[in-house]
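User: I'd like a close look at one part of this protein rather than a quick tour of everything. Here is the model I have open.

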Amino acid sequence: KKAQKAKEWQEWATSKEGQDERKKKLDRKHELVVIPVFWRGRHDKDDIVRAAEDIKACIAQQGIDVWVDSRRQYSPGQKFAH
């Protein structure tokens, strides 16, 4: 079941609709971006992402447009520079 769901998501992500939606989300400007920082060899990545999501929820309650940049293909420095 998980493999089927992953395959469906992959097909959608590579489709024109998926690419357009991804581009739209990446082009969107936010008032605040939370950047979780991971260190190699640490096993608490899930805890860090959960803490970043908690921060996002708390800030969003104040009416601020916030996004958690948890993309793994970019380093924290690249995210800050963007």
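Where does Asp69 lie, and what does Asp69 touch, not counting residues up to four places away in sequence?

Analyst: Asp69 sits in the loop that runs between strand E2 (66-68) and helix H4 (76-81). Keep in mind that this is a predicted model, so let me start with how far to trust it. The mean pLDDT of the protein is 84, with 95% of the residues at 70 or more. Confidence isn't even along the chain, though: helix H2 (residues 16-27) has the lowest, at a mean of 79, while helix H3 (residues 45-60) has the highest, at 91. As a general caution, coordinates shouldn't be read in detail where pLDDT is low.

Now the setting. The protein has four helices and two strands, and along the sequence they come in the order α-α-β-α-β-α. Asp69's loop joins strand E2 to helix H4.

On to Asp69 itself. Its relative accessibility is 2%, so Asp69 counts as buried, the cut-off being under 20%. Buried residues make up 13% of the 82 residues here, and Asp69 is one of them. As for partners, leaving out residues up to four places away in sequence, Asp69 touches Val33, Val34, Ile35 and Pro36, and also Lys79. Lys79's number places it within the 76-81 span of helix H4. Contacts across long stretches of sequence show up in the totals too: among contacts in the protein with a separation of 6 or more, 58% are between residues 24 or more positions apart.

Step back along the chain and you reach Ile64, in the loop between H3 and E2. Ile64 has 34% relative accessibility, so it counts as partly exposed, whereas Asp69 is buried. Setting aside neighbours within four places in sequence, Ile64 is in contact with Glu31, Leu32 and Ile59. His30 is another useful marker here: it is 34 residues from Ile64 in sequence, yet their C-alpha atoms are 8.6 Å apart.

Further back comes helix H3, where both Ala60 and Ala57 have their place. Ala60 counts as partly exposed because its relative accessibility is 37%, and Ala57 gets that label at 42%. For a sense of distance, Ala60 and Ser70 are 10 residues apart along the chain, with 17 Å between their C-alpha atoms. Ala57 and Ala3 are 54 residues apart in sequence, and their C-alpha atoms are 30 Å apart.

Two side-chain details are worth a look while you have the model open, both involving the ring of Phe38. The charged end of Lys45 sits over that ring, 5.9 Å from its centre. Arg72 also lies over the face of Phe38, at 5.9 Å from the ring centre. Don't go hunting for aromatic pairs, by the way: a search of the whole structure finds zero.

Finally, the overall frame around all this. The C-alpha trace spans about 35 × 30 × 25 Å along its principal axes. The radius of gyration is 15 Å, where a compact globule of 82 residues would have one near 12 Å. The accessible surface comes to about 7100 Å², and carbon and sulfur atoms account for 53% of it. Back at your starting point, then, Asp69 is buried at 2% relative accessibility, with Val33 and Lys79 among the residues it touches.

Notes
Residues numbered from 1 in each chain as written. Predicted model: local features only at pLDDT ≥ 70, side-chain atom pairs only at ≥ 80, totals over all residues. Heavy atoms only, no water. Phe/Tyr/Trp six-rings, centres within 6.5 Å; stacked < 30°, edge-to-face > 60°. Lys NZ or Arg CZ within 6 Å of the ring centre and 35° of its normal. pLDDT = per-residue confidence, 0-100. Rg over C-alpha atoms; globule rule 2.2 N^0.38 Å. Buried < 20%, exposed > 50% of the residue type's maximum accessible area, 1.4 Å probe, protein only. Contact = heavy atoms within 4.5 Å. Areas by Shrake-Rupley, 256 points an atom, 1.4 Å probe, with all protein chains shown as cover.
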